[in-house]
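Subject: Structure for you to look at, with notes

Dear colleague,

Here is the structure I promised to pass on to you, together with my notes. Please open it beside this message, so that you can follow the residues as they come up.

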Amino acid sequence: MRQAVAAEWTKLWSVRATWWCLAGATALMALAALTLGTARATEHPGQSFPVTEPVVSASTFTQIALVVLGILAITSEYASGSIRGTLQATPIRGAMLAAKALVVAPVLFAAGVVSGGIGAALSYLVLRTGIFGASGTLPWSALSDLLRLGVSSALVSVMALGVGAALRSAAGTLTVVFMLLMGLPLVLVMTGSQALVEVSFRLPMFAGLAFMESTDNLTGGPIPYSSGEGLAWLVFWAALALASGYAVLRRRDA
């Protein structure tokens, strides 16, 4: 397993797509967090709020840039045919998928923390000027918020990896993951049906917001269940996707 993880680590960092995804996610987070932070300051002049709140809200949109990395970690090999060499080197398919997950998860955890930290720092510095009528604070609890963001990013990316293993197509996987993260939850919320809204709250996007204890999001307030339950739903979706990917890997040839 150690050799498989080392091989996956080398492959991940040897392609330019990795660097572009991380750079794009960081730039998008900085821009989105600053936009949401200044908008909130303009709407509520004279107030102060933790700058990690707009960062958590921005993660709803910016996580797509991060999950692309999880998708490409496996679908790019199917597109190029290099998956055959990977399976020859690691013939136990579950071990191969586990190795990819063990590489993707810590990388995306760090990416979530760093990009969120940059977004929070930029928002804090801009709001300190007082131009927008409110100020941002940077309490010690911000560190906890950033760590939660990292965990959420890692689990969502592992989910994307599992979906990629099952579908083997970058376009198909991105479509399914986008629908799970944003499309389906928003459609269900817009129906106005209480039962469907409750279902949407258990999908990955709202589960992540609940885990990060978001108070300023598309629902207009906090998600109506605990942070621990939000984490449990994120783990469930990641595990379900990995199990589905493993089932397909066992049945189908490369």
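The notes below go from the whole chain to its core, then to the aromatic rings and a few single residues.

Please keep in mind throughout that this is a predicted model.

**The chain as a whole**

The secondary structure of the protein chain comes to 10 helices and 2 strands, and when these are read along the sequence they follow the pattern α-α-β-α-α-α-β-α-α-α-α-α. For 254 residues, a compact globule would have a radius of gyration near 18 Å, and the 19 Å of the protein chain agrees with that. The C-alpha trace spans about 65 × 40 × 30 Å along its principal axes. Among contacts in the protein chain with a separation of 6 or more, 74% are between residues 24 or more positions apart. The accessible surface of the protein chain is about 11700 Å², and carbon and sulfur atoms account for 68% of it.

**The nonpolar core**

Buried residues make up 47% of the 254 residues in the protein chain. The largest nonpolar core has 66 residues, and those that touch the most other members are V67, L69, L108, M159, V177, L181 and I223. Helix 3 supplies the largest share of this core, with 12 residues. As background, nonpolar side chains in soluble globular proteins tend to be buried together.

**Aromatic rings**

The structure holds 5 aromatic pairs. One of them joins F201 and F206, whose ring centres are 5.3 Å apart and whose planes stand at 90°, so the pair is edge-to-face. F201 is buried, with a relative accessible area of 8%, and F206 is buried as well, at 1%. W233 and F236 form another edge-to-face pair, with 5.6 Å from centre to centre and 85° between the planes. Both W233 and F236 lie in helix 10, which covers residues 227-251, and they are 3 residues apart, about one turn of the helix. W233 is partly exposed, with a relative accessible area of 26%, and F236 is also partly exposed, at 39%. Elsewhere, W9, W13 and W19 form one aromatic cluster.

Two arginines are placed over aromatic rings: R40 lies over the face of F49, at 4.6 Å from the ring centre, while the charged end of R148 sits over the ring of F211, 5.6 Å from its centre.

**Single residues worth finding on the display**

R148 and F211 turn up again around S227, which is found in helix 10 and is buried, with a relative accessible area of 14%. Leaving out residues up to four places away in sequence, S227 touches R148, A210, F211 and E213.

T52 lies in helix 3, which covers residues 52-80, and T52 is buried, with a relative accessible area of 2%. Apart from its neighbours within four places in sequence, T52 is in contact with A120, A142, D145 and L146.

V158 lies in helix 6, residues 141-167, and is buried at 8% relative accessible area. Not counting residues up to four places away in sequence, V158 touches A101, A105, A238 and L242. If you would like a distance to check on your display, V158 and H44 are 37 Å apart in space, C-alpha to C-alpha, and 114 residues apart in sequence.

V189 is found in helix 7, residues 170-191, and counts as partly exposed, because its relative accessibility of 27% falls between the 20% under which a residue is buried and the 50% over which a residue is exposed. With residues up to four places away in sequence set aside, V189 touches V197, S200 and F206, and F206 is the buried ring that pairs with F201. The C-alpha atoms of V189 and V199, which are 10 residues apart along the chain, are separated by 9.0 Å.

With best wishes

Definitions and conventions: Residues numbered from 1 in each chain as written. Predicted model: local features only at pLDDT ≥ 70, side-chain atom pairs only at ≥ 80, totals over all residues. Heavy atoms only, no water. Phe/Tyr/Trp six-rings, centres within 6.5 Å; stacked < 30°, edge-to-face > 60°. Buried < 20%, exposed > 50% of the residue type's maximum accessible area, 1.4 Å probe, protein only. Helix = DSSP H or I, 4+ residues; strand = E, 2+ residues; numbered from the N terminus. Lys NZ or Arg CZ within 6 Å of the ring centre and 35° of its normal. Rg over C-alpha atoms; globule rule 2.2 N^0.38 Å. Contact = heavy atoms within 4.5 Å. Areas by Shrake-Rupley, 256 points an atom, 1.4 Å probe, with all protein chains shown as cover. Core = buried A, V, L, I, M, F, W, Y, C linked by side-chain atoms within 4.5 Å.
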